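The exercises below are meant to be worked through with the sequence and the structure side by side. Try each task before you read its solution.

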Amino acid sequence: KVANKLLEEGKAYRCFCTKEELDKMREEQEAAGIPPRYDNTWRDADPELVAQKLAEGAEYTVRFKVPPGARVVIDDAVRGTVSWDAESTVGDFILLRSSGVPVYNFCVAVDDSTMGITTVIRAEEHLTNTLRQCLILDALDAPRPRYAHCSLILGEDKQKLSKRHGATSCNQFRLDGFLADAMINYLSLLGWNDGTDNEIFTRDELIESFDVNRVVKSPSVFDMSKLRWVNAQHMKMMTVEELAPLVEEQFGFLEMLEEGADKSKVDDFVFAATSLAKQMMETTQDAALNAKAVLGYGLPASFDDLPDSEAKEMIKQGNFYPIAKTIISDTEANNFPMPDPS
């Protein structure tokens, strides 16, 4: 419907060029050192020739007719003033494929118009798409949304962030022991700040503080060490009781809990593991791995079960033995102080 409207108004036209003709056109332009662009063969074609092609059932695409001398200028919320010479940058681009399927930029522009989108925030890679979308919106006499093109996020090697840099899904970060709130907090800091030195935010604080005008255009580096630090700060704000279920989840991921195990004993074990690791751990996985390492020491169940008599005598001569005996005695009598849950 929208494509037909543009055709009727002379803002688009049918192009009957075959794939072979377009390939040849591109090869000749590349050989001449010219940026590949449609050469407007069918832009001002004789209406009788167009009618003849239609009668023959020839396949065609619908191309947007870029106005002569068209220049598109936007006031980008992140990058400032951005402008393009539309003719030399994109030429007459396709709106509908020969199959009748609309291309991405046509869909987006029509959707933005019909849904009344006011602000578009996306990556800088979409800047050339913005040019096409603005041309379409202008042709439809539709208002343009406000644009904010954010810089790419880089890996620690300063290359575009990709699968080779590590975790590839949100769930992978969960499996690795990162909190959802910490992830949101850290990701918000990639290219944005609230104008203070504060780096730790709750979700509500981020919602309250965020302003697109404070997004910077320089690229940010995804720093795993910084993410772990942010995660640690969020865990320190939680109680042991709040963290314990997340640590228990990690025990499950590591297959350290037997199916059907006594729930009260599991709870006590998880609480102890969480309490011991809380102040130093950077992820909930750290508490589980710490417990796994301790369980792997191969120690006997009790001091009396230690087979090496010489080792027993050496232990008794040190300070550890009387301290340990006192701790065991006080614990059994419920007199030993428990960790502060906070």
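**Exercise 1.** Which residues make the nonpolar surface patch of about 350 Å²?

*Solution.* Keep in mind from the start that this is a predicted model. The patch is made by Val294, Tyr297 and Leu299. Take Leu299 as an example and place it along the chain: Leu299 sits in the loop between α13 (284-295) and α14 (309-317). Next, look at its accessibility: Leu299 has a relative accessible area of 68% and is therefore exposed. As a general background, nonpolar side chains in soluble globular proteins tend to be buried together.

**Exercise 2.** Find the residues with the most contacts inside the largest nonpolar core, and then find which elements supply this core.

*Solution.* The largest nonpolar core has 32 residues, and those with the most contacts inside it are Phe64, Phe93, Leu95, Phe106, Leu135 and Ile136. At least two residues of this core come from each of α1 (2-8), β2 (61-64), β3 (71-76), β4 (80-85), β5 (94-96), α5 (104-115) and α6 (127-139). Among these elements, α6 gives the most, with 7 residues. A second, separate core has 25 residues, including Tyr186, Val247, Ala287 and Ala288.

To see how one member of the largest core is surrounded, turn to Phe93 and leave aside its neighbours within four places in sequence: Phe93 is then in contact with Val62, Arg63, Phe64, Val66, Arg132, Leu135 and Ile136.

**Exercise 3.** Is Asn129 buried or exposed, and what does Asn129 contact beyond its neighbours within four places in sequence?

*Solution.* Begin with the location, which for Asn129 is helix α6. The relative accessible area of Asn129 is 15%, and a residue under 20% counts as buried, so Asn129 is buried. With neighbours within four places in sequence left aside, Asn129 is in contact with Tyr104, Asn105 and Arg122. For a sense of distance, compare Asn129 with Tyr60: the two are 69 residues apart in sequence, and their C-alpha atoms are 23 Å apart in space.

**Exercise 4.** How many disulfides does the structure hold, and how far is the nearest cysteine sulfur from that of Cys107?

*Solution.* A disulfide is a covalent bond between the sulfur atoms of two cysteines. The structure holds 0 disulfides. Cys107 is in no disulfide, and the nearest cysteine sulfur, that of Cys134, is 17 Å away. Cys134 is likewise in no disulfide, since a disulfide needs sulfur atoms within 2.5 Å, whereas the nearest cysteine sulfur to Cys134, that of Cys150, is 16 Å away. As for accessibility, Cys107 counts as partly exposed at 30%, while Cys134 is buried with a relative accessible area of 0%.

**Exercise 5.** What parts of the chain does the salt bridge between Arg43 and Asp92 tie together?

*Solution.* Side chains of opposite charge can pair when their charged atoms come close. The structure holds 15 salt bridges, and in the one between Arg43 and Asp92 the closest N and O atoms are 2.9 Å apart. Arg43 lies in the loop between α2 and α3, and Asp92 lies in the loop between α4 (86-89) and β5, so the pair ties together parts that are 49 residues apart in sequence. Both partners count as buried, Arg43 at 14% relative accessibility and Asp92 at 3%.

Now work through another pair in the same way. The side chains of Lys65 and Asp44 meet in a salt bridge with an N to O distance of 3.9 Å. Lys65 is in the loop between β2 and β3, and Asp44 is in the loop between α2 and α3, so this pair ties together parts that are 21 residues apart in sequence. Asp44 counts as exposed, at 66% relative accessibility.

**Exercise 6.** Where is Asn40 located, and what is the value of its phi?

*Solution.* Most residues other than glycine have a negative phi. The phi of Asn40 is near 65 degrees, a positive value in a residue other than glycine. Asn40 is in the loop between α2 (19-31) and α3 (47-56), and it counts as partly exposed at 31% relative accessibility.

Technical notes: Residues are numbered from 1 along each chain as its sequence is written. This is a predicted model: local features need pLDDT of at least 70, side-chain atom pairs count only at pLDDT 80 or more; totals for chains, interfaces and linings use all residues. Side-chain values use heavy atoms; hydrogens and water are left out. Patches are made of residues with over 30% relative accessible area and no salt bridge: like charges are joined within 9 Å, nonpolar side chains (Val, Leu, Ile, Met, Phe, Trp, Tyr) within 5 Å. Accessible areas come from the Shrake-Rupley method with a 1.4 Å probe; for residues, only the protein chains shown count as cover. A salt bridge is a side-chain nitrogen of Lys or Arg within 4 Å of a carboxyl oxygen of Asp or Glu. Helices (H or I, at least four residues) and strands (E, at least two) are DSSP runs, numbered from the N terminus. Buried means under 20% relative accessible area, exposed over 50%, partly exposed in between (1.4 Å probe, protein chains only). A nonpolar core is a set of buried Ala, Val, Leu, Ile, Met, Phe, Trp, Tyr and Cys residues joined through side-chain atoms within 4.5 Å. Contact means heavy atoms within 4.5 Å.
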